[in-house]
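Q: I am new to this structure and would be grateful for a close look at a single part of it. Please begin with one residue and then place it in its wider setting.

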Amino acid sequence: MSSKAEIFEIIKTNLLELLPDLDPTKVVPEESMKNLGANSIDRADVIIQTMETLSLKFPLHELGKLTNIQGLVDDFHARCMSK
Amino acid sequence: MPDRVIVTGMGVINAIAEDVPSFSNALQAGQCGITSDGPSNDHPNYDGLGICARIPEFVFTERLAKLNLSDDIVLRARRAAARQPRSVQVSLLTALEAWNSAGMSAANYSPDDISIILAGHNISPADQFSTFQKYQEQPEYISARYALQFLDTNHIGVISEVLGLQGEGFSLGAASASGNMGILQAHRQISLGVSKVCVLVAAMADLSPVEVQAFRQTGAMGGKRFCDEPEQACRPFDEDREGFIYGQGAACMILESAELASARDAPHWGEIAAAAACLDANRLSDPSVEGETRAMRKALVQAGINPSDVDYINAHATSSVLGDQVEIDALGETFGSELSKIWINASKGLFGHCLYASGLVEAAASLIQMKECFLHPNRNLNRPISSSCQFVGHESQEVLCKVALSNAFGFGGINTAVVLRR
């Protein structure tokens, strides 16, 4: 059962894999992926890869408006809890 | 007055080369890049590529570092190509080598003076094959980027972003004649003044085991008799040939207006003196003496030369039982008694049939040989099917060639011929 910290690390790993030039120290929960330079396709793929790592399956549009990575972590964590 | 078109930069990656200098060395040595990935590929459940000429595994960032590019371009290349399919990384690396060697970063062209043509279609069935397998198991996890990357035009997007190209851009298809067709369209663009420079890239054919199996089913693919000696399997123009051998390869040529290239004192590989194409009105894979002859004659007329002016022919010759014979007959029709004075070799014997890219990889091989005054060997030509042709033997030949003809013929009756001149 993944903790929020573990989920954050998964998202961070996926983000750094897609954006090899990103300074890892800049990837913090308060930041948004868009601000860090991830385009819409990159953002979708970070989410899809994270879903796969956590064995979650849900339609992407259910994520709604997320302002930063913390929001994404919280959403994934809630879904893990209710599995 | 249409402008003349010259080649100012080149890049190549294939089974025997990671760049133009290594390609030149490999051609000179008659090196063969054809290997086997396992036991007999006749087994019905065999799921590999079998005997073919593979591009060896590489690390994209390491290859980038070797090319001596500006930090700015390296950064853009890493950002654009880090998560791209292998075929895209290969295309980009050849484009970067060509761009660099042509001195394009220092040239004064504005971004929309430069066009890009990507020669090749159905470029990566290998990616579709692995994505489809994932789709069958877990459709929810299909990547979003696949929606961009399954398109052949993705190569255009990536390369134009890295090099900052804003002229015309499109991909084109002519089966195994795509490389030559790319030369034809680039030549047309520049001589008509539509572009001042064209970055012509021919993409590798990244096949899946499905296409390879289908080729085997047609009987057109070789590698049965010589399954234990892969380097013997590709034997263009030889009595013991039994079919083509699939090769992975890509190339880039920077084609430029001769006048503008001269004004900026650009490097000079040679001139595209002519490029011609014609169809057979035939949907099948069988070649036509009449169609091939017509394409070659068209090219010679366009270049304003006689058959006797040609020093060297880089044949299409795939090691196909029918195809090689048809090409010999067509060469006979086109050149008559002049044929015995013209040197001929078949590059596919060294690095296999690069399919869409073959025309451009072999035109690059031709320009390299013309510049360095040698012709590569026909390594497996032991019993030639014609005694009236002057084939290069088992060793490299020192020859000065000023005019060359390079052929490429594709399934569906597509015939093309390019005349190169130094």
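A: A suitable starting point is B:I117, which stands opposite B:L200 in β6(B). The model in which this pair is seen is a predicted one. The two strands concerned are β4 of chain B, covering residues 114–119, and β6 of chain B, covering residues 197–202; they run parallel and are joined by 6 bridges.

Strands β4 and β6 belong in turn to an open sheet of 11 strands in chain B, with mixed pairing. The order across the sheet is β5-β4-β6-β7-β1-β8-β15-β14-β9-β10-β12. Strand β4 therefore lies between β5 and β6 in that order. At the edges of the sheet stand β5 (169–172) and β12 (390–391) of chain B; each has a single partner strand, so one side of each is left without a neighbour in the sheet.

The chain around this sheet may now be described. The secondary structure of chain B comprises 14 helices and 15 strands. Its C-alpha trace spans about 60 × 55 × 40 Å along the principal axes. For 422 residues, a compact globule would have a radius of gyration near 22 Å, and the 20 Å of chain B agrees with this. Of these 422 residues, 59% count as buried. Among the contacts in chain B with a separation of 6 or more, 80% come from residues 24 or more positions apart.

As to the surface, the accessible area of chain B is about 16,300 Å², and carbon and sulfur atoms account for 49% of it. Chain B carries 31 positive and 47 negative charges, whose mean positions are 2 Å apart.

Methods:
Residues numbered from 1 in each chain as written. Chains lettered and ligands numbered in written order. Predicted model: local features only at pLDDT ≥ 70, side-chain atom pairs only at ≥ 80, totals over all residues. Heavy atoms only, no water. Helix = DSSP H or I, 4+ residues; strand = E, 2+ residues; numbered from the N terminus. Rg over C-alpha atoms; globule rule 2.2 N^0.38 Å. Buried < 20%, exposed > 50% of the residue type's maximum accessible area, 1.4 Å probe, protein only. Contact = heavy atoms within 4.5 Å. Areas by Shrake-Rupley, 256 points an atom, 1.4 Å probe, with all protein chains shown as cover. Lys, Arg positive; Asp, Glu negative; His and termini not counted. Charge placed at Lys NZ, Arg CZ, Asp CG, Glu CD. Pairing = 2+ DSSP bridges.
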